[in-house]
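Thanks for coming. I have one chain to go through today, and I will take it piece by piece.

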Amino acid sequence: MTKRNGYALLAALAAVVVLISGAIFAGATLGARDEKTQAQPHRPVRSAAPATSGSWIGTWSASPAFAEPNTEQGFPGRSIRNVVHTSIGGTSTRVTLSNLFGGRPLRITHASVAVAATPGAPTAAQGTMRRLLFGGSTAVVIPPGGQVVSDPAVLEVPRDTDLLVTTYSPTPSGPVTHHPRARQTSYVAEGDRTEDTLGDLYTEQTPYWRYLTAVDVLTGKAEGAVVVIGDSITDGVTSTAGANHRWTDVLAERLDGRYAVLNQGISGNRLLSDGTGPSGLSRFDRDVLSRSGAKAVVVVLGINDILRPPHELDATRIAAGLEQVARQARARGLRVIGSTIMPFEGTRAHTPQLEAVRDTVNEAIRTRGIFDEVVDFDLALRDPYAPDRLLPAYDSGDHLHPSDAGYRRMGMAFDLASLRSTAAAEL
């Protein structure tokens with residue numbers, strides 16, 4: 001070996017030693033950093049891009065109805081913790097916040113999502129609190145009439161469980177966009193308590209959902225969503241509060257996580273004209289066609305057009321309105337199921353003339369092929385010995401809205417095989 005070659009070999013060996021020493025030092029440093037990180041106190045996990053593949057499907061939603069009365073300043077300096085119930089699970093989640101009925105920009109500076117520790121409670125389950133981001137920022141401004149969808153947050157969301165979605169706004173924001181008949185208790189706390197895992201400071205209770213209009217999950221298991229547009233009967237106004245006994249909850253229970261059920265009921269809602277909330281015709285695109293993962297729509301509207309003044313006495317107009325929403329659904333590739341109008345004899349508004357309109361509309365629903373399928377709520381809940389009335393066991397007492405037993409009968413009235421049969425969209 002020449003002297004020059006020997007020097008070269010020694011240099012190469014020295015370089016290898018330096019590299020190995022550096023790697024050992026780096027590994028030790030990283031290990032020290034890991035130990036230091038593990039020693040830090042637990043902090044809420046921030047939003048991040050979903051780690052798994054799948055499809056975004058709505059697990060819960062509610063239609064914004066109108067501006068909440070006496071909220072001209074909004075809720076400045078207070079945290080609003082909405083409690084909502086999931087119909088399917090997923091590995092990540094995102095939420096939609098709305099300022100549809102606001103009169104000024106809504107500034108949200110902090111928002112979070114968590115799984116509730118126990119049903120209906122404002123305390124988060126351990127390790128589930130996630131900070132929500134909007135375009136990578138903790139803060140977002142929603143203009144009047146607008147809405148915003150959060151970035152995805154990695155969170156294992158179970159089906160048939162309660163989620164806590166909390167928002168904080170530091171400044172006056174104008175009238176609050178809300179859903180008034182939640183049949184679920186939500187909470188308010190003073191100050192920014194958005195990431196508080198304990199709910200002890202959420203001392204104010206509310207029967208409303210505020211700002212929050214949808215929760216989606218990323219899932220590879222569920223196949224889509226069934227969206228239900230309706231009125232107070234779909235809203236479940238006489239069901240037991242906090243018990244998830246609406247008929248849509250019963251349907252979700254039967255579908256067992258394969259399909260979400262999204263309740264777009266607004267109490268007092270009419271098909272043809274605005275009243276309590278925008279009409280079914282005018283909100284169909286917003287509340288049905290825009291829902292994530294929609295595969296089918298169920299239409300449960302028409303009774304308030306007949307029952308509430310000004311009474312719609314032309315059954316052909318109601319049937320035409322139902323045909324219009326059915327065409328809109330089919331144009332988007334959705335399967336569309338319609339329901340018959342249930343009895344309301346015994347209410348103060350009932351007259352033989354209004355009963356004749358209901359009967360004519362139901363005949364059209366059953367025989368004219370307006371929908372791909374019909375769920376016959378009239379037949380399922382009426383008293384066979386007095387068919388213009390609800391069966392007493394299914395009557396909440398007001399002769400219009402079902403009892404818990406009546407809502408369960410409605411949810412069980414669906415033939416799931418028919419719901420999944422092939423048509424414009426396959427279930």
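One definition before the residues: buried means under 20% relative accessible area, exposed means over 50%, and partly exposed is what lies in between. On that scale R317, at 45% relative accessibility, counts as partly exposed. Please also keep in mind that this is a predicted model.

First, the overall numbers. The chain has 427 residues, and 52% of them count as buried. Its secondary structure comes to 10 helices and 24 strands. The exposed surface is about 18300 Å², with carbon and sulfur atoms supplying 54% of that area. Taking the contacts with a separation of 6 or more, 80% are between residues 24 or more positions apart.

Now the salt bridges. How many does the structure hold? The count is 25. I will show three pairs and then a network.

The pair R159 and D256 forms a salt bridge, with the closest N and O atoms 3.5 Å apart. R159 sits in the loop between β11 (153-157) and β12 (162-169), and D256 in the loop between α3 (247-255) and β19 (259-265), so this pair ties together parts that are 97 residues apart in sequence. R159 has 31% relative accessibility and therefore counts as partly exposed. D256 is at 52%, so D256 counts as exposed.

Next is R317, which I used for the definition. Its salt-bridge partner is E312, and the closest N and O atoms are 2.9 Å apart. Is E312 buried or exposed? E312 is buried, because its relative accessible area is 15%, and the cut-off for buried is under 20%. So here a partly exposed arginine, R317, is paired with a buried glutamate, E312.

The third pair is R330 with D372, where the closest N and O atoms are 3.1 Å apart. R330 is in helix α6 and D372 is in the loop between α7 and β22, so the pair ties together parts 42 residues apart in sequence. Both count as partly exposed: R330 at 31% relative accessibility and D372 at 27%.

Then the network. Salt bridges that share partners join E355, R358, D359, R366, D376, D378, R382 and D388 into one network.

That takes us to helix α7. This helix covers residues 352-367, which is 16 residues. Why should it span 22 Å? The expected span is 1.5 Å times one less than the number of residues, and the end C-alpha atoms of α7 are 22 Å apart, so model and expectation agree.

Which residues of α7 are buried? They are L354, E355, V357, R358, V361, N362, A364 and I365. Two of those names, E355 and R358, also appeared in the salt-bridge network. The buried residues of α7 pack against several elements, among them the helices α5 (303-307), α6 (315-331) and α8 (377-381). The strands they pack against include β21 (335-339), β22 (373-375) and β24 (386-390). After α7 comes G369, which has a positive phi, near 70 degrees.

On to the strands. One open sheet is made of 3 strands in the order β3-β13-β16, with antiparallel pairing. Its edge strands are β3 (66-67) and β16 (209-210), each of which pairs on one side only. Between β3 and β13 (residues 177-179) there are 2 bridges. If you want a position to look for in that pairing, F66 stands opposite H178 in β13.

A second pairing involves β2 (residues 55-61). Strand β2 is mostly covered, with 5 of its 7 residues buried. Its partner is β17 (residues 212-219), joined to β2 by 6 bridges and running antiparallel to it. Here I57 stands opposite V217 in β17. As general background, strands of a sheet pair through backbone hydrogen bonds, either parallel or antiparallel.

The last stop is a single residue, Q184. Q184 is found in the loop between β13 and β14 (186-190). At 6% relative accessibility, Q184 counts as buried. What is Q184 in contact with, leaving aside its neighbours within four places in sequence? The contacts are V83, G120, T206, P207, W209, G242, N244 and R246. Q184 and N82 are 102 residues apart in sequence, and their C-alpha atoms are 9.1 Å apart in space.

That is the end of the tour.

Note on methods:
Residues are numbered from 1 along each chain as its sequence is written. This is a predicted model: local features need pLDDT of at least 70, side-chain atom pairs count only at pLDDT 80 or more; totals for chains, interfaces and linings use all residues. Side-chain values use heavy atoms; hydrogens and water are left out. Helices (H or I, at least four residues) and strands (E, at least two) are DSSP runs, numbered from the N terminus. Buried means under 20% relative accessible area, exposed over 50%, partly exposed in between (1.4 Å probe, protein chains only). Contact means heavy atoms within 4.5 Å. Two strands pair if DSSP finds at least two bridges between them. Accessible areas come from the Shrake-Rupley method with a 1.4 Å probe; for residues, only the protein chains shown count as cover. A salt bridge is a side-chain nitrogen of Lys or Arg within 4 Å of a carboxyl oxygen of Asp or Glu.
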